[in-house]
Amino acid sequence: MPATRYSHPGGPETDAVLLQDHLRDVAARVELVLPDDDCRDLARRLGLVHDFGKLTTWFQQHIDDENPDGPTHHSRLGALVAYYVLEQAGFDEADCLLGYVAVARHHGASPDTGRYAFESSSWEKKGNERVRKEEVLRQVENIDSHASELAGDIIDEATDGTGGWTECRDRLQNRSLFEAVKSQVGDGPMNIGVKTDPVPEDFYGRFLRAWGALVLADKTSAARASNRAEIYDGETPDIDALDRHIAGFDDAETDRGKRLDRLRSEARAEVSANVDALAAGDEGVATLTLPTGLGKTLTGLTAALRLQERREGSRIIYALPFTSIIDQVADVAREVFETDERGALLTVHHHLAETVVEHDDTDRDERDEAENVASILGESWRAGLVVTTFVQLFESLAGPRNSQSLKLPALQDSIIVLDEPQSLPHDWWPLIRRLVSVLTTEYDATIIAMTATQPRLFENATDEPIPELVDSPERFFRAVERVRFRFHPSVESFNDEETPLSHDRASDRLREDARNGASVLAVCNTIDSAQELTGHLERDPEFVNVGAVYDDLLTATDEPTVETLVEAVTDRDGDRALLHLSTRHRPRDRLRLIGAARRLAREQSLITVSTQLIEAGVDISFDRVYRDFAPLDSLVQAAGRCNRSFELEQGVVTVWWLDAPEDKSITPGEAVYDYWGESLLSITAGVLADGPAERGESAVAWDAVRTYYERLAARAPGKTAWTEFVDRAEGAKLRSCSLIGNRQAVDIVVCRSAADRELVDGIRDAMATYEFDQLGELLDETKPLQVSVPIYDATSDEAQELMDLPPLGTDATFNTHELRLLDTSNDQHERFFDPTTGVFIPDGVEGRFL
């Protein structure tokens with residue numbers, strides 16, 4: 001009779017799980033999340049053996065809370081058995097290697113495949129690696145002595161009877177299985193180093209599919225989630241609900257409004273018609289190019305839902321550049337589909353969100369287990385519509401960690417909308433193209449790149465020309481002239497290195513517009529520039545300071561609403577208001593301040609000084625916009641905040657070049673956009689030099705933008721070497737290519753109200769009493785209160801002062817010792833916070849970025 005072996009221990013209300021039951025359950029779940037192809041068969045077999053190493057008596061002692069006298073790790077042995085199983089089942093060498101790495105790393109991050117496989121299989125490698133291999137042989141002997149019959153049953157099932165434990169054991173003990181792995185990736189007759197091309201070019205995408213499916217199946221099985229297909233399928237959004245929602249807007253009363261509604265309808269009709277051709281063809285990438293004001297969000301959702309209708313089991317992934325605009329799109333989805341983000345229809349996923357997918361008929365009543373399953377399903381994007389960030393999407397493809405790999409199966413047959421793709425860092429452009437080819441060829445995904453300033457990003461991403469979902473985008477740009485651009489003399493002289501405009505003189509211009517009754521937005525390139533411009537205006541008593549009013553409300557009440565803030569501002573003595581926005585505000589405060597600005601800009605004269613966070617996708621409209629000199633696409637995106645809702649016959653966008661702030665030696669534009677050595681500002685100035693100082697919107701947003709991207713493409717921006725990491729399946733190297741950079745930062749929990757301080761007290765109580773489940777929940781509640789401050793010189797006195805803020809806690813499990821606490825009621829913290837500008841870094845720490 002075979003030995004009894006378990007994969008997971010029991011609990012107060014649950015039985016222990018038999019190992020063979022778990023292996024079969026994981027294999028069955030793999031089949032639920034992968035389409036019926038040879039990759040599914042491969043991953044299914046991996047599921048049948050991935051925990052093979054748990055057969056040892058030592059692991060069984062471990063899950064019984066005993067002290068084993070032998071090794072308990074199980075992935076390395078399982079990986080070698082997986083190699084053998086795939087070999088016996090007729091898979092080629094590359095797939096056998098894929099299975100080896102997938103099982104070896106099913107609890108870890110994706111590795112640099114060649115180096116990992118070489119070092120983990122080479123017996124010449126000394127130190128810990130040699131010890132681990134010797135431990136594998138001890139595990140083989142233990143299994144052979146105590147569970148050989150069960151080992152044989154597992155291998156027999158995984159190979160359909162073509163392999164057996166005895167042969168596998170012998171090949172492990174004589175090291176020939178180790179040698180088979182090493183010979184694939186080793187170079188030369190002695191296999192003394194890693195080959196320059198250790199895997200085929202299509203290896204990485206196939207690896208992601210099999211590994212991601214294995215990890216998801218394993219985690220949901222271990223969490224005891226239901227194994228019904230519905231758990232993984234999600235709920236498809238109703239396209240009729242979207243059509244009804246859009247129809248409700250077609251009630252414009254003015255001739256201009258009716259004309260714009262006609263244009264929106266024409267654009268949606270063209271997109272719907274072209275989606276049919278896209279669905280019928282082989283193209284994996286399409287563009288959707290429309291000017292601001294024609295409802296790109298709803299049109300993009302229309303395109304995605306039309307495709308989803310034609311692709312059973314697909315999901316929509318709507319990705320945006322910034323967390324600051326995710327809630328805006330999510331709010332649209334909640335309203336249109338009458339749902340929230342906790343169910344199987346909609347998931348909102350970014351670093352500040354609670355990401356869950358709850359099912360009503362969970363198999364258990366235990367709250368903690370149900371929440372764990374809901375969290376796993378949310379993190380794995382099993383809803384029918386996912387709203388997320390570029391970081392969450394692309395960093396899950398570029399060397400994902402174990403937790404990130406959960407998303408990978410959701411990409412299968414997906415429709416991915418990239419909203420504002422020009423915001424992707426230029427360094428990443430070649431890598432984005434390579435990852436998109438993985439999505440379209442391996443996952444059969446369809447990409448829709450949607451923006452008013454379409455970059456030449458996806459050329460060469462596929463072998464086919466990139467189709468455009470609007471028949472004639474230029475026609476829409478010519479028809480919609482919301483604004484006129486005015487280029488200040490400082491911009492015209494940029495390439496001649498003439499004098500830029502001082503912040504003092506710029507503030508005078510903003511005051512003049514505000515005194516004439518206009519709502520004004522000034523977009524700055526850096527935080528210190530925005531702070532200086534705000535400082536010049538803040539001293540003027542005629543302006544009601546919105547940030548100061550908000551601070552007063554926080555003192556009086558823990559949760560002031562947007563309506564409360566607007567009423568408080570309008571009740572103050574003054575017809576003009578001033579608002580400062582940057583990422584130095586807490587996310588919770590920033591959302592409220594933007595909401596207030598949206599209202600105040602229509603109800604009274606308002607000057608808003610902001611960094612770039614406001615310029616892409618934020619639904620807000622001003623009469624006049626001033627933009628510090630930036631690359632042309634950023635200028636056009638900022639213009640999207642002017643006369644956005646066509647309140648005026650025509651708004652005015654002024655582009656100027658602001659001087660360096662006090663104590664800085666370089667202008668903000670050069671600090672942000674030219675610091676890596678390629679002058680995007682010079683390209684922009686060169687494009688604009690051929691036209692007059694004042695010109696229409698289409699002349700800039702269409703004509704000049706196309707010329708700009710042609711000139712940029714000629715310079716082939718981006719790090720092409722990164723694409724080789726994909727070709728060689730080097731996950732660890734890909735992880736170093738972060739979309740948001742690898743600069744140091746200090747994360748600060750900012751307490752401004754009594755409720756905030758009560759939350760911090762609760763966190764410290766949970767740490768003191770070791771209530772770790774409660775601690776994790778409370779820490780999640782601090783995310784809307786956190787400000788992340790980049791540190792450019794960790795040795796500076798000012799940076800050290802920031803690090804000397806007290807830690808939130810001392811528990812390393814949740815990194816509370818790394819979170820700093822800033823309490824605005826503490827006199828010692830006063831120099832780090834300003835009600836107007838948020839977290840204030842004392843002079844010396846550079847504030848270049850958002």
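Leaving aside neighbours within four places in sequence, which residues is Phe-394 in contact with? In this predicted model, the partners of Phe-394 are Leu-418, Leu-424, Trp-428, Ile-432, Leu-435 and Leu-739. Phe-394 also belongs to the largest nonpolar core, a set of 218 residues. Along with Phe-52, Leu-411, Trp-428 and Phe-629, Phe-394 ranks among the residues with the most contacts inside that core. The element that gives the most to this core is helix α11 (residues 203-222), which supplies 11 residues. A second core, separate from the largest one, holds 18 residues, including Val-520, Cys-524, Phe-543 and Trp-656. Such groupings fit a general pattern: in soluble globular proteins, nonpolar side chains tend to be buried together.

Turning to the strands, an open sheet of eight can be followed in the order β13-β14-β15-β12-β16-β17-β11-β18, and its pairing is mixed. At the edges are β13 (543-545) and β18 (694-696), each of which pairs on one side only. On average, neighbouring strands of the sheet are turned by 20° against each other, direction ignored. At the β18 edge, this strand runs antiparallel to β11 (residues 483-487), and three bridges join the two. Within this pairing, Arg-486 has Glu-694 of β18 as its bridge partner.

Helices accompany the sheet as well. Helix α25 (residues 546-556) lies across β13, β14 (576-581) and β15 (605-610), and runs at about 40° to β13. Helix α27 (residues 587-603) also packs on the sheet, where it touches β14 and β15. The direction of α27 makes about 150° with that of β14.

Terms used. Residues are numbered from 1 along each chain as its sequence is written. This is a predicted model: local features need pLDDT of at least 70, side-chain atom pairs count only at pLDDT 80 or more; totals for chains, interfaces and linings use all residues. Side-chain values use heavy atoms; hydrogens and water are left out. Two strands pair if DSSP finds at least two bridges between them. Helices (H or I, at least four residues) and strands (E, at least two) are DSSP runs, numbered from the N terminus. Axes are lines fitted to C-alpha atoms, for helices over the stretch in contact, and angles run from 0 to 180 degrees between N-to-C directions. Contact means heavy atoms within 4.5 Å. A nonpolar core is a set of buried Ala, Val, Leu, Ile, Met, Phe, Trp, Tyr and Cys residues joined through side-chain atoms within 4.5 Å. Buried means under 20% relative accessible area, exposed over 50%, partly exposed in between (1.4 Å probe, protein chains only).
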